[in-house]
Each structure stands twice: as structure tokens, then as C-alpha cells.
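New to this structure? Take a moment to look it over, and then we'll walk through a few spots together.

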Amino acid sequence: MKRELNLREIQQYSLDVLLDIVSVCDSHHIEYMLFYGTLLGAVRHKGFIPWDDDVDIAMLRKDYEKFLQVYPKTGHHRYQLLTNKDKSYLLPYAKVNDTKTVSYMNQVELGYGVSVDIFPIDLESMDEKKAYQMFLRQKKLSDVISKFSVIDKYSGIKSKIKYFLYRSGAIRLLTCKAIHLAQKYNQTDSTFAACNIAPVGDLFERQLLSWLTNLERIEFEGYFFKAPKDFDAILKNQYGDYMVPPPQEKQVSHHCMKIFEK
């Protein structure tokens with residue numbers, strides 16, 4: 001019988017995946033940075049947000065593409081790189097998955113277990129209105145893709161239709177469209193950048209490229225990882241008054257999956 005992992009165990013497994021990723025990055029001169037909740041946790045808690053259960057990192061597009069080429073050949077054999085080229089994975093950003101774990105959502109097995117999300121960062125339009133229009137388009141694509149990331153093909157007519165569309169490749173085309181759209185301004189001289197490939201809720205990211213290229217080491221769970229030196233500007237942009245924890249009732253994981261050892 002599979003054993004369900006508790007929150008602290010999931011955090012430790014995630015940290016182990018992160019350490020392997022960073023080892024590969026450091027060996028191949030690939031820049032990465034702690035991002036989103038992981039960056040917030042490092043700054044506010046020097047580790048995981050106590051109720052959070054995952055790790056997010058980001059890379060500028062050129063480093064991201066290099067990582068996709070290098071990691072499958074050099075990462076630990078326990079860990080698996082997942083991209084939209086994998087048949088069971090639809091999301092437009094990569095994950096490194098711990099193959100000794102498996103996750104379930106609403107009793108449906110997902111195509112991964114404990115994993116680290118790796119987000120590519122692309123240039124944005126200098127025109128804020130155009131950048132916001134890009135955000136809205138990507139949010140629509142992301143909302144549709146996310147609905148198809150968990151499918152129970154045996155439950156109800158809606159699920160059967162979703163499974164048919166998934167198998168037909170129609171949704172994968174949307175993933176490819178999101179990836180292509182995200183890179184629209186990468187050949188420009190824009191000084192703004194964001195992870196616009198997978199918008200987080202209603203957050204419209206508008207960050208200076210210089211915030212994301214000047215890195216330093218920051219403590220996270222007793223280790224020191226790369227993070228933006230201008231983390232204050234980034235976290236204010238993403239979370240507002242980020243040093244104030246949310247109310248007790250909101251201190252819960254944003255994931256609704258259960259993770260087990262295989």
C-alpha cells in the first residue's frame with residue numbers, strides 16, 4: 001500500500017529535487033532564481049512558507065532552453081524532466097519530477113508527483129497596454145489548459161469530451177500557442193520582462209529586466225540559492241505587503257492534491 005507523504009516530507013523531497021537542479025545549473029553555467037512563493041519563503045521565513053508544499057524557480061528564456069537540453073543527460077536518474085513534448089504533460093512550463101512519488105487529485109492520478117516548477121521569463125512589450133493585452137490572452141489560454149491537466153476519462157460525459165479533446169491533440173496546440181506567444185518580444189530591446197506564459201491568478205507582472213538579471217545568494221532551508229538582488233521590488237509587485245503573513249484561515253496550500261511514495 002502506498003504511503004501518503006505529510007507536508008514536511010513533501011517539502012524535503014522538493015528540496016532534494018531543487019538541489020539536483022541547482023547542481024546541474026551550477027555545473028553548466030545556467031542561471032536560475034528562486035521565484036514566486038519560494039522566493040517569498042526565502043525572504044520571509046528563510047525556507048518554505050510553513051503551509052506551502054512546492055518549489056518554484058525561474059530562468060531567462062536562453063537559460064531555460066539550455067536547461068531543457070542539458071538536464072535529461074546530467075540530472076539524477078531518480079528525477080525526470082517534464083515538458084509539453086511529453087504525452088502526459090500539457091503545461092507550457094517545465095517540471096522536474098521525483099519518479100519515486102505519485103500524486104492524485106480527486107482520486108485521479110496525475111502524471112507527476114513531488115516536483116519543482118521551472119518558469120521561463122520572456123521580454124514584455126515596452127507599451128504597458130500591449131503587455132496587459134498579452135497577459136489577458138495568456139490567462140485565457142492558461143485557464144483552458146489547466147482544466148485539461150486533470151482528466152478522469154471514466155467519469156461523466158464532460159470528462160469523456162475533455163479526454164477526447166486531450167487525445168486529439170487540440171489542447172496541446174493551445175500549449176504550443178502559449179509558448180510561441182510568450183516569446184513575441186524576445187527579439188526587441190525591451191527593458192521589461194515577466195513569466196507571462198502561465199499567469200498566476202489575476203496577477204499582471206510588470207518587472208524591469210534588470211531586476212531579474214542581478215542575482216545574489218539567499219538562504220533557503222539551510223542552503224544558499226540564487227535569487228534576484230532586487231527581490232523587494234519583485235515581491236511587492238507580486239504580493240504587495242509581502243512581509244505580513246495572510247490571515248490564519250488563508251494559511252493553506254493552494255494545491256488540492258495528495259502525494260504518495262510509490
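Let's start inside. Setting aside residues within four places of it in sequence, Val116 is in contact with Ser14, Val17, Leu18, Ile21, Val55, Ile57, Ala94, Lys95 and Val96. Keep in mind that this is a predicted model. Val116 sits in strand 7, which covers residues 115–123. Its relative accessible area is 0%, and since anything under 20% counts as buried, Val116 is buried. Take Ala94 from that contact list: Val116 and Ala94 are 22 residues apart in sequence, yet their C-alpha atoms are 8.5 Å apart in space.

Now for a helix. How much of helix 2 is buried? Nine of the 10 residues of helix 2 (residues 36–45) are, so the rest of the structure largely encloses this helix. The buried ones are Tyr36, Gly37, Thr38, Leu39, Leu40, Gly41, Ala42, Val43 and Arg44. And what do they pack against? Their partners are strand 1 (33–34), strand 2 (55–60), strand 7, strand 10 (215–220), strand 11 (223–228) and helix 8 (231–239). So strand 7, the home of Val116, turns up again as a packing partner of helix 2. Just past the end of helix 2, Lys46 takes a positive phi of about 60 degrees.

On to charges. Side chains of opposite charge can pair when their charged atoms come close. How many salt bridges does a search of the whole structure find? The count is 13. Here are three of them, with the distance between the closest N and O atoms:

| Salt bridge | Closest N and O atoms |
|---|---|
| Arg217 and Asp26 | 3.8 Å |
| Asp143 and Lys139 | 3.5 Å |
| Asp232 and Lys236 | 3.2 Å |

The Arg217 and Asp26 pair links distant parts of the chain: Arg217 is in strand 10 and Asp26 is in helix 1 (residues 7–27), 191 residues apart. Arg217 is partly exposed at 41% relative accessibility, and Asp26 is partly exposed too, at 35%.

Asp143 and Lys139 are four residues apart in helix 4 (residues 128–147), so about one helical turn separates them. Asp143 has a relative accessible area of 36%, which makes it partly exposed.

Asp232 and Lys236 both belong to helix 8, and they too are four residues apart, about one turn of the helix. At 32% relative accessible area, Asp232 is partly exposed. Salt bridges can also share partners, and that is how Arg3, Glu9 and Glu261 end up joined in one network.

How values were computed: Residues are numbered from 1 along each chain as its sequence is written. This is a predicted model: local features need pLDDT of at least 70, side-chain atom pairs count only at pLDDT 80 or more; totals for chains, interfaces and linings use all residues. Side-chain values use heavy atoms; hydrogens and water are left out. Helices (H or I, at least four residues) and strands (E, at least two) are DSSP runs, numbered from the N terminus. Buried means under 20% relative accessible area, exposed over 50%, partly exposed in between (1.4 Å probe, protein chains only). Contact means heavy atoms within 4.5 Å. A salt bridge is a side-chain nitrogen of Lys or Arg within 4 Å of a carboxyl oxygen of Asp or Glu.
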